[in-house]
Amino acid sequence: MITAQAIRFTDNVPAMRRFCELLGLAATVTASDSWAVMRSSGGEVLLHSHSGADTDVVQGQTNLTFEVTDAQAVAEAFGTHVLDESYGRSVTITDPDGQELLINEAQTDFYGYAQHEAHPADNMSVCPVVFADPSGPWKELLEKLGLTASADADDAFASFTADRGSVGVHVARPGEYERFLTGHAGSRAHLTFAFTGDAEALAAQLRQAGHEVRVDTSFGTMLEITDPDGQLVQVHAS
């Protein structure tokens, strides 16, 4: 079992949690104002206090990560080893861009963190996007992890489905994709969602809550939202 996740390093964990809840996500695990696991109908957003991060990340940065049920199997597949950290077991592999991609084993001991019964909306799914050649090394890595490429993949975009959630790989056009990424370290990703509800109603709800929303209908319907960290988040409606 593998779950696609986007981890956001933020000093605004409570505000980002409320933002995710507006989108229909629900918290499953929290730790004061420093940590929250926000579950969607597919995939998760992890909210990690930036000030408490032990990696070279910046405020507002989003990275790709995964949760698996068997870290040892992943380690063996990629010729590396499992790390036993204080928070659990993990594997770090090198992504096609030469950056560290963290894969965590599902926790069984939550070390005093608060657990919550979560009921996320069934029409919103997390699908972080990396910018690269959709048919290149990222495709090979994601398929090796067990994700499946969509049948409608093309030269510009491919979606890779996990057991829970998905990862998009979008061609990196210079001058276009840079505005969606922050920081330099780790497998940086753009926080995006797939939505099957009423996009106009969602846009109105977000604006009422004080968020800046732009509606783009160039290719289907897409909401581009400025989140509490000042980052651009996209919701693609279908």
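The following paragraphs describe the strand and helix arrangement of a predicted model. The chain has a mean pLDDT of 93, with 99% of its residues reaching 70 or more. Among its elements, the highest mean pLDDT, 98, belongs to strand S11 (residues 129-131), whereas the lowest, 81, belongs to strand S9 (residues 114-115).

An open sheet is formed by 9 strands, arranged in the order S6-S7-S8-S5-S1-S4-S3-S2-S9 with mixed pairing. Its edges are strand S6 (83-85) and S9, each of which pairs on one side only. Within this sheet, strand S2 (residues 26-31) and strand S3 (residues 35-39) run antiparallel and are joined by 5 bridges. One residue pair concerned is Ala 31 and its bridge partner in S3, Trp 35.

Two helices may be described in relation to these strands. Helix H1 (residues 13-22) lies across strand S1 (2-10), S2, S3 and strand S4 (44-49), and runs at about 165° to S4. Helix H3 (residues 137-145) likewise packs on the sheet, where it touches S1, strand S5 (61-68), strand S7 (88-94) and strand S8 (100-105). The direction of H3 makes about 35° with that of S5.

The buried residues of H3 include Trp 138, Leu 141, Leu 142 and Leu 145. These residues are on the same side of H3, because the arc they cover around the axis is only 95°. Such an arrangement can be read from helix geometry: with 3.6 residues a turn in an α-helix, residues three or four places apart point the same way. After H3 comes Gly 146, which has a positive phi, near 110°.

A corresponding description applies to helix H4 (residues 199-208), in which Ala 199, Leu 202, Ala 203 and Leu 206 are the buried residues. The arc covered by these four around the axis is only 100°, so they lie on the same side of H4. The packing partners of the buried H4 residues are H1, strand S10 (124-126), strand S15 (192-195), strand S16 (213-216), strand S17 (221-226) and strand S18 (232-237). H1 is thus a packing partner of the buried residues of H4 as well as a helix lying across S1, S2, S3 and S4.

Both ends of H4 can also be specified. At the N-terminal end, Asp 198 acts as a cap, with a side-chain oxygen placed 3.1 Å from the backbone nitrogen of Glu 200. Following H4 is Gly 210, whose phi is positive and near 100°.

Definitions and conventions. Residues numbered from 1 in each chain as written. Predicted model: local features only at pLDDT ≥ 70, side-chain atom pairs only at ≥ 80, totals over all residues. Heavy atoms only, no water. pLDDT = per-residue confidence, 0-100. Pairing = 2+ DSSP bridges. Contact = heavy atoms within 4.5 Å. Axes fitted to C-alpha atoms, helices over the stretch in contact; angles between N-to-C directions. Buried < 20%, exposed > 50% of the residue type's maximum accessible area, 1.4 Å probe, protein only. Arc of directions from axis to C-beta. Polar contact = N/O pair within 3.5 Å; in protein donor to acceptor, adjacent residues only side chain to side chain.
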